[in-house]
Amino acid sequence: DYFLYIFREAFIMSNYLLTARSLTFAQRGAKILTKNSISATLLRSPRQLTENGCSYCLKISERNIRKSVEILRSTGLFTGNVYKVLDNGEYEKVIF
């Protein structure tokens with residue numbers, strides 16, 4: 001069962017990026033999601049997703065994306081965009 005879980009997480013489920021307006025907001029968001037048992041990885045946003053240089057994002061699994069957006073919106077920490085990471089390495093903006 002554990003192997004199937006790892007396989008599904010690594011190869012089947014998509015990941016999403018939630019952009020944050022600052023490093024502080026991204027750090028606070030990751031902390032809140034972790035307290036809600038949601039894994040969130042803090043990353044520097046890919047260049048394709050930034051308009052003015054440096055920004056940060058949270059990487060969330062497909063399984064947790066809706067709940068993550070709900071939680072972060074309810075706390076006022078999420079005002080950015082959501083992007084699905086496509087298989088070819090591109091990003092697709094998603095509306096929730």
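**Exercise 1. Describe the largest pocket of this predicted model: its volume, its lining and the classes of its residues.**

Step 1. Start with the volume. The largest pocket holds about 270 Å³.

Step 2. List the lining. The lining of this pocket has 12 residues. Nearest the pocket centre lie Thr19, Ala20, Leu49, Ser55 and Asn81.

Step 3. Sort by class. The pocket lining splits into 7 polar, 3 nonpolar and 2 charged residues.

**Exercise 2. Take Ser55 from the pocket lining. Find where Ser55 sits in the chain, decide whether Ser55 is buried or exposed, and list what Ser55 touches.**

Step 1. Locate the residue. Ser55 belongs to the loop that runs between strand E2 (41-44) and E3.

Step 2. Apply the cut-off. Buried means under 20% relative accessible area. Ser55 has 17% relative accessibility, so Ser55 counts as buried.

Step 3. Read the contacts. Leaving out residues up to four places away in sequence, Ser55 touches Ala20, Arg44, Ser45 and Thr50. One of these partners, Ala20, is also among the residues nearest the pocket centre.

**Exercise 3. Characterise the largest cavity: its volume, its lining and the classes of its residues.**

Step 1. Recall the probe. Rolling a probe the size of a water molecule over the atoms reveals where empty space is left.

Step 2. Search the model. The whole structure contains 1 cavity of 30 Å³ or more. The largest cavity has a volume of about 50 Å³.

Step 3. Name the lining. Leu18, Thr19, Ala20, Phe25, Ala26, Gly29, Leu58, Leu72, Leu77 and Phe78 line this cavity. E1 and H2 each contribute at least two residues to the lining.

Step 4. Classify. The cavity lining has 8 nonpolar residues, 2 polar ones and no charged ones.

**Exercise 4. Work out which residues of helix H2 are buried and which are exposed, and what covers the buried ones.**

Step 1. Check the geometry. H2 has 13 residues. From first C-alpha to last, H2 reaches 18 Å, close to the 18 Å expected at 1.5 Å a residue.

Step 2. Pick out the buried set. In H2, Phe25, Ala26, Gly29, Ala30 and Leu33 are buried. Viewed down the axis of H2, these residues fall within an arc of 135°, so they line one face of the helix.

Step 3. Relate this to helix periodicity. An α-helix has 3.6 residues a turn, so residues three or four places apart point the same way.

Step 4. Turn to the opposite face. Lys31, Thr34 and Lys35 are exposed on the other side of H2.

Step 5. Find the cover. E1, E2, E3 and H3 are included in what covers the buried residues of H2.

**Exercise 5. Do the same for helix H3 (residues 65-75): find its buried residues, its exposed residues and its packing partners.**

Step 1. Pick out the buried set. Ile65, Ser68, Val69, Ile71 and Leu72 are buried in H3. Their arc around the axis is only 165°, which puts them on the same side of H3.

Step 2. Look at the other side. There, Arg66, Glu70 and Ser74 are exposed.

Step 3. Trace the packing. The buried residues of H3 pack against strands E1 (15-20), E3 (56-61) and E4 (82-85), and against helix H2 (23-35).

Step 4. Check the exit. Gly76 follows H3 with a positive phi, near 80°.

**Exercise 6. Contrast Ser37 and Ile38: which of them is buried, and which is exposed?**

Step 1. Place both. Ser37 is in the loop between H2 and E2. Ile38 is in the loop between H2 and E2 as well.

Step 2. Take Ser37. With 69% relative accessibility, Ser37 counts as exposed. Its phi is positive, about 60°, although Ser37 is not a glycine.

Step 3. Take Ile38. Ile38 has a relative accessible area of 3% and is buried. Beyond residues up to four places away in sequence, Ile38 touches Leu33, Asn64, Lys67, Ser68 and Ile71.

Step 4. Add a distance. Ile38 and Ile65 are 27 residues apart along the chain, and 9.3 Å separates their C-alpha atoms.

**Exercise 7. Summarise the chain: its elements, their order, its burial and its contacts.**

Step 1. Count elements. The chain has 3 helices and 5 strands.

Step 2. Read the order. Along the sequence, the pattern is α-β-α-β-β-α-β-β.

Step 3. Assess burial. Of the 96 residues, 35% count as buried.

Step 4. Assess contact range. Take contacts between residues at least 6 apart in sequence: 64% join residues at least 24 apart.

Key: Residues are numbered from 1 along each chain as its sequence is written. This is a predicted model: local features need pLDDT of at least 70, side-chain atom pairs count only at pLDDT 80 or more; totals for chains, interfaces and linings use all residues. Side-chain values use heavy atoms; hydrogens and water are left out. On a 1 Å grid over the protein atoms alone, a cavity is a set of points where a 1.4 Å probe fits but cannot get out, and a pocket is an open set with protein on both sides within 12 Å along at least five of seven lines; lining residues have an atom within 4 Å of a point. Grid points are joined across faces, edges and corners, and a volume is the space filled by probe spheres set on the points. Ala, Val, Leu, Ile, Met, Phe, Trp, Tyr, Cys and Pro count as nonpolar, Asp, Glu, Lys and Arg as charged, and the others, Gly among them, as polar. Buried means under 20% relative accessible area, exposed over 50%, partly exposed in between (1.4 Å probe, protein chains only). Helices (H or I, at least four residues) and strands (E, at least two) are DSSP runs, numbered from the N terminus. The arc is that of the directions from the helix axis to the C-beta atoms. Contact means heavy atoms within 4.5 Å. The expected span of a helix is 1.5 Å times one less than its number of residues.
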